[in-house]
Amino acid sequence: MSVEMVKEYLAQFGAADRVREFEASTATVELAAQAAGVEPGRIAKTLSFKLEDRTILVVAAGDVKVDNVKYKNTFGGKAKMLTPQEAVERVGHAVGGVCPFAVKEGVEVCLDESLRRFETVLPAAGSANSCIELTLPELEKFSRASRWVDVCKPRTA
């Protein structure tokens with residue numbers, strides 16, 4: 001899938017025209033924050049995991065990292081990131097553009113509590129050079145998130 005597929009998906013919410021595309025890459029939190037002119041924490045990174053036959057996306061603030069103990073307590077197993085090939089196969093988006101929109105059937109989308117300190121956040125929009133700015137209620141609705149979780153901790157220097 002691509003930014004066009006995400007725009008098609010977001011059209012049902014009247015938000016397709018809010019997708020921003022950049023000349024520069026937004027594939028990492030730092031690059032996305034620089035391109036969008038925001039602090040790194042406001043970049044809503046989408047982390048993709050596998051747990052047996054489950055595919056789980058955790059959308060978290062850009063300045064945190066997954067706490068393995070919290071993840072295991074929440075999901076019942078060890079956090080295992082998808083490989084780039086698995087991301088395309090299981091989620092439908094390539095690494096760098098993984099987002100919680102227009103994902104494949106059966107993918108669980110969870111929003112991490114680390115996002116709640118921001119009024120708006122910027123998740124990717126299906127490519128390594130796109131994003132969309134959303135309020136938390138919009139993110140929750142557009143991503144069809146199943147629940148809020150607390151599986152992250154602040155990044156230490």
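A pocket here is an open set of grid points with protein on both sides within 12 Å along at least five of seven lines, and its lining residues have an atom within 4 Å of a point. Keep in mind that this is a predicted model.

**Stop 1: the largest pocket.** Select Ala27, Lys45, Thr46, Gly96 and Val98: of the 21 residues that line the largest pocket, these lie nearest its centre. The space in there comes to about 340 Å³. Now colour β2 (43-51), since six lining residues, the largest share, come from this strand. Add α2 (29-36) and β8 (130-132), which, like β2, each supply at least two residues of the lining. Switch to colouring by class and you'll get 13 nonpolar, seven polar and one charged residues around the pocket.

**Stop 2: the aromatic rings.** There are five aromatic pairs to hunt for. Start with Tyr9 and Phe13: their ring centres are 5.8 Å apart and the planes meet at 65 degrees, which is over 60, so call this pair edge-to-face. Tyr9 counts as buried at 14% relative accessibility, while Phe13, at 21%, counts as partly exposed. Next, pick Phe49 and Tyr71, with centres 4.8 Å apart and planes at 50 degrees, so this pair is tilted. Phe49 sits in strand β2 and Tyr71 in helix α3 (residues 68-75), so the pair ties together parts 22 residues apart in sequence. Both Phe49 and Tyr71 are buried. Then go back to Tyr9 and Phe13 and add Phe101 and Phe142: these four form one aromatic cluster.

**Stop 3: a charge over a ring.** Finish at Trp148, where the charged end of Arg116 sits over the ring, 3.8 Å from its centre.

Notes
Residues numbered from 1 in each chain as written. Predicted model: local features only at pLDDT ≥ 70, side-chain atom pairs only at ≥ 80, totals over all residues. Heavy atoms only, no water. 1 Å grid on protein atoms, 1.4 Å probe; cavity = no way out; pocket = protein on both sides within 12 Å on 5 of 7 lines; lining within 4 Å. Points joined across faces, edges and corners; volume = space filled by probe spheres on them. Helix = DSSP H or I, 4+ residues; strand = E, 2+ residues; numbered from the N terminus. Nonpolar A, V, L, I, M, F, W, Y, C, P; charged D, E, K, R; others polar. Phe/Tyr/Trp six-rings, centres within 6.5 Å; stacked < 30°, edge-to-face > 60°. Buried < 20%, exposed > 50% of the residue type's maximum accessible area, 1.4 Å probe, protein only. Lys NZ or Arg CZ within 6 Å of the ring centre and 35° of its normal.
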